[in-house]
Amino acid sequence: MIRNGAPVRVLIVDDEPDICWALTHILKSTGIVPVTTTSGREALRLAKSQRFHLAFIDAKLPDLDGLDLARRIREGDAAARIVLVSGYFYCDDAEVRQAMVAGLIADFVGKPILHQQVEAIAREVLSQVVSTSRVIAPVP
Amino acid sequence: MREIHRRAPRRAGEAADSEAGRYKTLYSMLLDASPSSVLLIDSQMRVVSANRNFVEKALRSEANTVGQRIDAVFPPAIVQQMDLVSRVRAAFEHNRPTRGERMTYRSPGLATRTYYYSLIPFSWKGAIEHVMLLLEDVTEQVRLGEEARRAERHLASVVESASDIVLSTMVDGTILTWNAAAERISGLTLGEVETRTFFDLCAEPHRADARRGFETAKRGKGFGVAEWDLVTKSGALVPVSWVGSTMKDDRARVVAIVAVGRDLTERRKFEAHLLQSQKLAALGVLAGGVAHEIRNPLSIASSAAQFLSEEPEDPEFRRECRAKILTGIERASRIIENLLHFARPGEQPNMVQVDLVRVVRDAAALAAAQAGTQQVEMNIELPGNPVLVSGVPGLLQQVFINLFLNALGAMPGGGLLRTALDRAGAEVRVQISDTGDGIRASEIERIFDPFYTTRPVGQGTGLGLSICHSIVRQHFGAIDVESVEGQGSTFTVRLPLLKNGIRQ
């Protein structure tokens, strides 16, 4: 999870294993090695045991609603940056916009996923974490 | 006859006279009792005798009749119309009778009357002595006859003007009558069908059933209601709904079978439109789930292509990307195929042998996409072997998609959708259970009614279950529901099994 001194923890939740595969490979160029799971409940369990800087969450998980999962992760860690990934919603869907306005999610990535968009988000988080980690001690 | 009375008064004591008088009295009594007018005319065109009926009907007295010339006794219009003088003359001169001529006459201020008349020469010892004029008032008979003909024409035109087929057959099914609607719908004239039987005109798959219907009808109760296609002159099939009844004689024997048929073409078109629009409404519900389902494999294929465009060095990774592109595209196209298969307009509603397991599996695959978007777990238990029924695959699929969507609609907050298919005797049973809101007891009676919906406007057409009901019935099956409010509902579809290609 921590590589090249970049202590950025990323969680990927998608019931489709190949989407996890794709996101993992996209993040590779940024040096991030994410934690992946295909289950919403497992993701919730992981989020309770450790804090994530960034989480890519599929909007429609078979066992949990993506936005619901986002809400519960942020309840435990208000700083977590959540990216909603979906083939169901459009970026201008009311639910997505409401979640963005409320600050629940920071970004929306539609499927098919554009790698540049994911990379940009990852680099942004990376730079924030690196700049703040010099001041604040890393989370245990 | 007055004249005879006058010229041959009875004289008591004369034996011969007495005998002749007896006959004269008898004949005069007979003539006077006749409801016809009888006159004797001599060669001078004078009336020799006239019976009581004539005198009374002509409103004359005996005195101003007997001995008068006929053209003075009859009104000029009658004399002229009957050509009376020359006919009487012809009778005298050529022994030529006039029989059964018809004449109408209207006396001033009275209704027109119709008469039949005959002029018959009376010969005695080679010489024509008199001509007898028989005049019968047939006004009433003519009126009744015309009334009967009018009623007959009216009935015939009711049958002819009917927009439904009205036909009658002999008890063996041979066509007897065939109205204009039958000609119009079938393109066949009465001449073309009158030696054929009714079943002959039915489409081949319905022929045996029609024959059985007529066998039942023969026993006296008609054949009720049936749907048998009619083969038109051009060989096309017209769906017709028939009602059969029997025609009995005075002794209650069945003498003919009457069949009234309504052309269902328009109704079938309407039903097809209704099915299609309901299907499109269901597709609207499916679309969200399907978009989600399709975008996943598309996204995987797209990512793999994006990786390849960066020309990665690892040959294993390149191979992995190529494989993921192909798998992704194949998955997406399979989902689209399933969707299109459902979306396309219904095929001809011909029953074929259908594997119900496959129908339920395909429908479940479409519904699974939707289930995945609302945290509904689908538990489907299907036998490994095909279970055959006779049916229209597209229609049966519509039934199960509707039932699945209905179940999903009852579980907006997630739940469990269970499906099981099993055989029970001569039928197959498909049960679809949800763990949703359930149906209120007061509503359960109405859920199969068209346009009945508990969902808000725009979220349900109220047609899904009603269409399921009509499709299942069309497949000789049954659909029912059990529900506990707050716990969920179970819909059960029963269809007759096919064994050796025969419906059980």
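## A strand residue in chain B

In this predicted model, B:Val481 is placed in β16, a strand that covers residues 478-484 of chain B. With a relative accessible area of 16%, B:Val481 is buried, because it falls under the 20% limit that is applied to this class. Setting aside residues up to four places away in sequence, B:Val481 touches B:Ile439, B:Ile444, B:Ile447, B:Phe448, B:Ser489, B:Thr490 and B:Phe491. B:Val193, by contrast, is separated from B:Val481 by 288 residues in sequence and by 48 Å in space, taken from C-alpha to C-alpha.

One of the residues touched by B:Val481 is B:Ser489, which belongs to strand β17 (residues 488-496) of chain B. B:Ser489 is also buried, at a relative accessible area of 4%. Its side chain makes a polar contact with the side chain of B:Ser483, at 2.9 Å. When neighbours within four places in sequence are left aside, the residues in contact with B:Ser489 are B:Ile432, B:Ser433, B:Asp434, B:Gly438, B:Ile439, B:Val481, B:Glu482 and B:Ser483. B:Ile439 therefore appears in the contact lists of B:Val481 and of B:Ser489, where contact means heavy atoms within 4.5 Å.

## The build of chain A

Chain A has 140 residues, of which 51% count as buried. Its secondary structure consists of 5 helices and 5 strands, and from the N terminus on these elements follow one another as β-α-β-α-β-α-β-α-β-α. Among the contacts in chain A with a separation of 6 or more, 66% are made by residues that stand 24 or more positions apart.

The mean pLDDT of chain A is 88, and 89% of its residues reach 70 or more. Over residues 1-5 of chain A, however, the pLDDT is below 50, and in the model this stretch has 10 contacts beyond near neighbours in sequence.

## A buried salt bridge in chain A

The side chains of A:Asp14 and A:Lys111 form a salt bridge, with a distance of 3.0 Å from N to O. This pair links distant parts of the chain, since A:Asp14 sits in the loop between β1 (10-13) and α1 (17-28) of chain A, while A:Lys111 sits in the loop between β5 (107-110) and α5 (115-133), 97 residues apart. Both partners are buried: A:Asp14 has a relative accessibility of 2%, and A:Lys111 has a relative accessible area of 4%.

## Salt bridges in the helices of chain B

Over all chains, the count of salt bridges comes to 33. One of them joins the side chains of B:Lys218 and B:Glu215, at 3.5 Å from N to O. These two residues are 3 residues apart in helix α10 (residues 204-221) of chain B, so about one helical turn separates them. B:Lys218 is partly exposed, with a relative accessible area of 35%, and B:Glu215 is likewise partly exposed, with a value of 39%.

In helix α12 of chain B, B:Glu330 and B:Arg334 lie 4 residues apart, about one turn of the helix, and their side chains meet in a salt bridge of 3.1 Å, N to O. B:Glu330 counts as partly exposed at 47% relative accessibility, as does B:Arg334 at 48%. Elsewhere in chain B, salt bridges that share partners bring B:Glu227, B:Arg267, B:Arg268 and B:Glu271 together in one network.

## Where chain B meets chain A

The size of an interface is often expressed as the accessible area that is lost when the parts come together. For chain B and chain A this buried area is about 2,000 Å², and 54% of it is on carbon and sulfur atoms. The interface brings 22 residues of chain B into contact with 23 residues of chain A.

Across this interface the rule finds 2 salt bridges and 13 residue pairs in polar contact, with both residues of each pair at pLDDT 80 or more. In one salt bridge, the side chain of B:Lys324 meets that of A:Asp18 at 2.9 Å, N to O. On the side of chain B that touches chain A, the elements that give two or more residues are α11 (265-309), α12 (315-343) and α13 (356-373). Of these, α11(B) gives the most, with 14 residues. By class, the residues on this side of chain B divide into 7 nonpolar, 11 polar and 4 charged.

Definitions and conventions:
Residues numbered from 1 in each chain as written. Chains lettered and ligands numbered in written order. Heavy atoms only, no water. pLDDT = per-residue confidence, 0-100. Buried area = accessible area lost by both parts, 1.4 Å probe. Salt bridge = Lys/Arg side-chain N within 4 Å of Asp/Glu carboxyl O. Polar contact = N/O pair within 3.5 Å; in protein donor to acceptor, adjacent residues only side chain to side chain. Nonpolar A, V, L, I, M, F, W, Y, C, P; charged D, E, K, R; others polar. Buried < 20%, exposed > 50% of the residue type's maximum accessible area, 1.4 Å probe, protein only.
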